[in-house]
Amino acid sequence: MAPPRSLPELIEDTTAEVLLRVPPDEPAHLVGASLVCKLWRRILLDPAFLRRYREFHRIPPLLGFLRNSITASLSQSFRFVPTTSASPISQPPFDCAGWRALSCRHGRVLLDTGLDGIDLVVWDPIRGDLQRLPKCSITFSFYSSAAVLCAAGTCNHLDCHGGPFLVVSVCSDENRAGEMFARVGVYSSETGAWDTPAPLNLVRNSCEVDRNKSGALIGDNIYFSLELGEKILKFDLGNNSVSMMDPPDLYNTGVLLMPTEEGSLGLAGIRGSRLYLWSREVDPKGDAGWVPRRVIKIQKLFPNNNPRYRRSVIGFADGVGVIFVKTDVGIFMMELKSGRKRKVRKIVLAKNYNHHQRQINHCCTKV
């Protein structure tokens, strides 16, 4: 029989159980708890406790988003916009003038240091690691997109810093005959090399990759939007193959591809004053198709002063069910399950420059 535990040990164990149940959605609460006394600080800094904390809550909090912008001087850059009062992520410690964020997933940020998705860098905001990727053998065009993801097969993605990762880049390119093709490059940090699957003929000459939208990871598949959502490109990581599919409907500001709560492919688009949500599901016969999920009236949720400025869905936070909507007065985030929303960024558009303003937003959940 084990000897009875001392009073200090019982107090420490009980305190750890209490701190374990502090909600993770506001890091300031944990920061404040660490200032109470030395015991609480020691518990909160213990790596074993931090592992338990991540496993207990499972769903990581939304810490902020990465916002790309093109200014009136036509220079591009990105910055981190926190959505909490005490985010552990600070602004990039390196000069990122001329850089843009392409993707954020599994604690990593994929950055493009140029314009055409050729010079890529993977950044770990917590550890500060900055890894430059070798150039791919295929030529990427201006119309390109990319996604970064963890490559560890058994990882639960609660703490995969420093592990292997993949980068999937896709672009649309026209050959000498005027045919448009989708070309894919897959980089593996384990091999340090790019793989280039066979290109896919896009049939329509005007069907180009939407460079303003990142890829959506669903299982072993990554989906990219083409030409404001007129087509959807699917890359199968397991089979190393590319295919194309139709969206459920067309929306004048494009569509946002995202995972649903059930783990299937979801789609969001805005028409007029309504937000339409879809999911792609498989029926009992094994046939896949689009199913309407919800229609949300957004006129009062997301105010828009200029009727000529169209609202658009610009980002989604994997795992927490949060979407980002941009209007002419700011960027709003909304929890799809609860319907709670708030403004997270004010937008000031320069006079006579509205049509040049572009933002791409990539959400940082667990980093």
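User: Which rings pair, and how are their planes classed?

Analyst: Rings of Phe, Tyr and Trp pair if their centres lie within 6.5 Å; planes under 30 degrees apart count as stacked, over 60 as edge-to-face and the rest as tilted. The model considered here is predicted. Across the whole structure, a search finds 7 aromatic pairs.

User: How should one such pair be described, and what does the pair of Y187 and W194 look like?

Analyst: In general, a pair of aromatic rings is described by the distance of the centres and the angle of the planes. For Y187 and W194, the ring centres are 5.6 Å apart and the planes stand at 55 degrees, so the pair is tilted. Y187 and W194 are both buried.

User: How do F302 and F332 compare with those cut-offs, and where do the two residues lie?

Analyst: The ring centres of F302 and F332 are 5.6 Å apart with the planes at 55 degrees, so this pair is tilted. F302 belongs to the loop between β19 (288-297) and β20 (312-317), whereas F332 is part of strand β22 (residues 330-335), so the pair ties together parts that are 30 residues apart in sequence.

User: Are F302 and F332 buried or exposed?

Analyst: Buried means under 20% relative accessible area. F302 has a relative accessible area of 1% and is therefore buried. F332, at 3% relative accessibility, also counts as buried.

User: Which residues do ring pairs link into a cluster?

Analyst: The cluster consists of F165, Y187 and W194, linked by ring pairs.

User: Where does the charged end of R271 sit?

Analyst: The charged end of R271 is placed over the ring of Y276, at 5.5 Å from the ring centre.

User: Turning to helices, how are α2 and α3 arranged?

Analyst: Two packed helices are described by the angle between their axes and the distance between the axes. Here the axes of helix α2 (residues 27-34) and helix α3 (residues 38-45) come within 7 Å and cross at roughly 135 degrees. The helices α2 and α3 are therefore oblique to each other.

User: Which residues make the contact, and of what character are they?

Analyst: From α2 the contact involves L30, A33 and S34, and from α3 it involves W40, R41 and L44. The residues of this contact of α2 with α3 comprise 4 nonpolar, 1 polar and 1 charged.

User: What can be said of L45 in helix α3?

Analyst: L45 is located in helix α3 and, at 54% relative accessibility, counts as exposed. The C-alpha atoms of L45 and S34 are separated by 8.5 Å, while the two residues are 11 residues apart along the chain.

Terms used
Residues are numbered from 1 along each chain as its sequence is written. This is a predicted model: local features need pLDDT of at least 70, side-chain atom pairs count only at pLDDT 80 or more; totals for chains, interfaces and linings use all residues. Side-chain values use heavy atoms; hydrogens and water are left out. Rings of Phe, Tyr and Trp (its six-membered ring) pair if their centres lie within 6.5 Å; planes under 30 degrees apart count as stacked, over 60 as edge-to-face and the rest as tilted. Buried means under 20% relative accessible area, exposed over 50%, partly exposed in between (1.4 Å probe, protein chains only). Helices (H or I, at least four residues) and strands (E, at least two) are DSSP runs, numbered from the N terminus. A charge sits over a ring if NZ of Lys or CZ of Arg is within 6 Å of the ring centre and within 35 degrees of the ring normal. Axes are lines fitted to C-alpha atoms, for helices over the stretch in contact, and angles run from 0 to 180 degrees between N-to-C directions. Angles under 35 degrees count as roughly parallel, over 145 as roughly antiparallel, 65 to 115 as roughly perpendicular and the rest as oblique. Contact means heavy atoms within 4.5 Å. Ala, Val, Leu, Ile, Met, Phe, Trp, Tyr, Cys and Pro count as nonpolar, Asp, Glu, Lys and Arg as charged, and the others, Gly among them, as polar.
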